[in-house]
Amino acid sequence: MNRTRRQAVLAFAIWVGALMSAQLGAGPALAEPEPQRIVVAGGDLTEIVFALGAGDRVVGVDSTSTWPAAATEREQIGYVRRLSPEGILSLSPDLVIAAHDAGPDIALEQLEAAGVKIAQAPQAETAEAIERKIAFVGEALGLGEKASVLAEDFSSSLSTVKDKVAKLDGTPRVLFILSVRNGAPLIGGAGTTADEMIALAGGVNAGGEVDGYKPMNQEAIIAAAPDIVLMMAQHAERIGGLESVMTRPEIALTPAGQEGNGVVMDGMLLLGFGPRTPDAIAELARALHPESAAAAGL
């Protein structure tokens with residue numbers, strides 16, 4: 001931590017300490033209680049907390065926490081990567097459960113300096129790794145046994161849907177478009193959650209020759225020849241809807257554009273990698289394989 005950051009964290013901690021002393025007064029040290037006022041930064045983690053039956057202990061969530069519906073009734077703390085320590089502290093949390101990429105770092109450091117416990121989740125880039133996230137949340141909440149049951153149910157559901165996907169016919173080429181920036185589609189390449197979901201649903205990533213989320217020019221998109229364009233519903237709406245994307249010149253010249261094959265899904269369901277991922281795989285598989293999905297039991 002550099003000097004400026006250390007100074008900022010120390011000053012923030014002193015301010016919070018003075019404020020709490022003025023409001024509460026000094027008192028004897030007490031044993032640390034189980035967390036009862038929880039703030040969650042990460043939609044996938046929120047889903048796990050509620051799935052474990054601890055939703056009534058959640059006092060605040062970030063803007064990616066859109067499911068279950070009850071989560072949207074909690075106080076908002078902003079976007080997971082642009083957290084404000086003052087806003088979170090106003091909720092008097094005794095635990096913040098944060099995604100692996102939550103931030104900025106100085107916000108988390110200031111929260112810790114103010115005495116708030118931070119539990120930061122492991123990164124999960126594969127569906128199987130979701131079980132680790134479930135175990136992590138269970139441990140943070142003191143609900144290890146419930147987490148074990150949830151993880152077992154998740155593993156069983158994932159195995160079942162993968163067996164069904166294996167029965168599907170064909171492997172359509174799918175181009176995931178995250179957004180359009182500076183006139184060029186930003187696509188999901190190899191190593192992304194979009195790439196993983198396409199494969200799990202029985203497709204081939206038409207943008208798999210690039211790594212990460214990168215812009216793709218017209219020539220490359222035409223050469224990729226996707227059969228289907230996939231987008232998150234929320235992002236599609238921001239750029240005029242799926243129809244506006246499908247009529248772009250570079251998309252219109254692909255098999256997807258010529259056949260009008262576009263799919264939109266809820267973003268957190270599609271890419272959240274939470275407990276609902278088996279459901280997301282099944283939904284995407286049905287969209288990619290409309291002719292053989294029913295026969296495969298999807």
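There are 5 salt bridges in this structure, which is a predicted model. Side chains of opposite charge can pair when their charged atoms come close. Here are three of the pairs, with the distance between N and O for each.

| Salt bridge | N to O distance |
|---|---|
| Arg276 and Glu47 | 2.8 Å |
| Arg81 and Asp101 | 2.8 Å |
| Arg248 and Glu250 | 3.0 Å |

Let's start with Arg276 and Glu47, which form a salt bridge. This pair joins distant parts of the chain, with the two positions 229 residues apart. Arg276 sits in the loop between helix H13 (267-271) and helix H14 (277-288), while Glu47 belongs to helix H2 (residues 43-51). Are these two partners buried or exposed? Arg276 has 14% relative accessibility, so this residue counts as buried, because the cut-off for buried is under 20%. Glu47, at 3% relative accessibility, counts as buried too.

Now for Arg81 and Asp101, whose side chains also meet in a salt bridge. Where do they lie along the chain? Arg81 is in the loop between strand S3 (75-76) and helix H3 (85-89), and Asp101 is in the loop between strand S4 (95-98) and helix H4 (105-113), so their salt bridge ties together parts that are 20 residues apart in sequence. Arg81 counts as partly exposed, with 47% relative accessibility. Asp101 is partly exposed as well, at 27% relative accessibility.

The third pair in the table is Arg248 with Glu250. Both Arg248 and Glu250 are buried.

Next, the pocket. The largest pocket has a volume of about 1200 Å³. Which residues come closest to its centre? Of the 36 lining residues, those are Tyr79, Arg81, Asp101, Met268 and Leu271. You've already met two of these names, as Arg81 and Asp101 form a salt bridge with each other. H2, strand S6 (173-181), helix H9 (233-238) and H13 each give two or more residues to the lining of this pocket. H2 is also the helix that holds Glu47. Sorted by class, the lining of the largest pocket has 14 nonpolar, 15 polar and 7 charged residues.

One more stop is helix H7 (residues 193-200). Its buried residues include Ala194, Glu196, Met197, Ile198 and Leu200. An α-helix has 3.6 residues a turn, so residues three or four places apart point the same way. After H7 comes Gly202, which has a positive phi, near 85 degrees.

Key. Residues are numbered from 1 along each chain as its sequence is written. This is a predicted model: local features need pLDDT of at least 70, side-chain atom pairs count only at pLDDT 80 or more; totals for chains, interfaces and linings use all residues. Side-chain values use heavy atoms; hydrogens and water are left out. A salt bridge is a side-chain nitrogen of Lys or Arg within 4 Å of a carboxyl oxygen of Asp or Glu. Helices (H or I, at least four residues) and strands (E, at least two) are DSSP runs, numbered from the N terminus. Buried means under 20% relative accessible area, exposed over 50%, partly exposed in between (1.4 Å probe, protein chains only). On a 1 Å grid over the protein atoms alone, a cavity is a set of points where a 1.4 Å probe fits but cannot get out, and a pocket is an open set with protein on both sides within 12 Å along at least five of seven lines; lining residues have an atom within 4 Å of a point. Grid points are joined across faces, edges and corners, and a volume is the space filled by probe spheres set on the points. Ala, Val, Leu, Ile, Met, Phe, Trp, Tyr, Cys and Pro count as nonpolar, Asp, Glu, Lys and Arg as charged, and the others, Gly among them, as polar.
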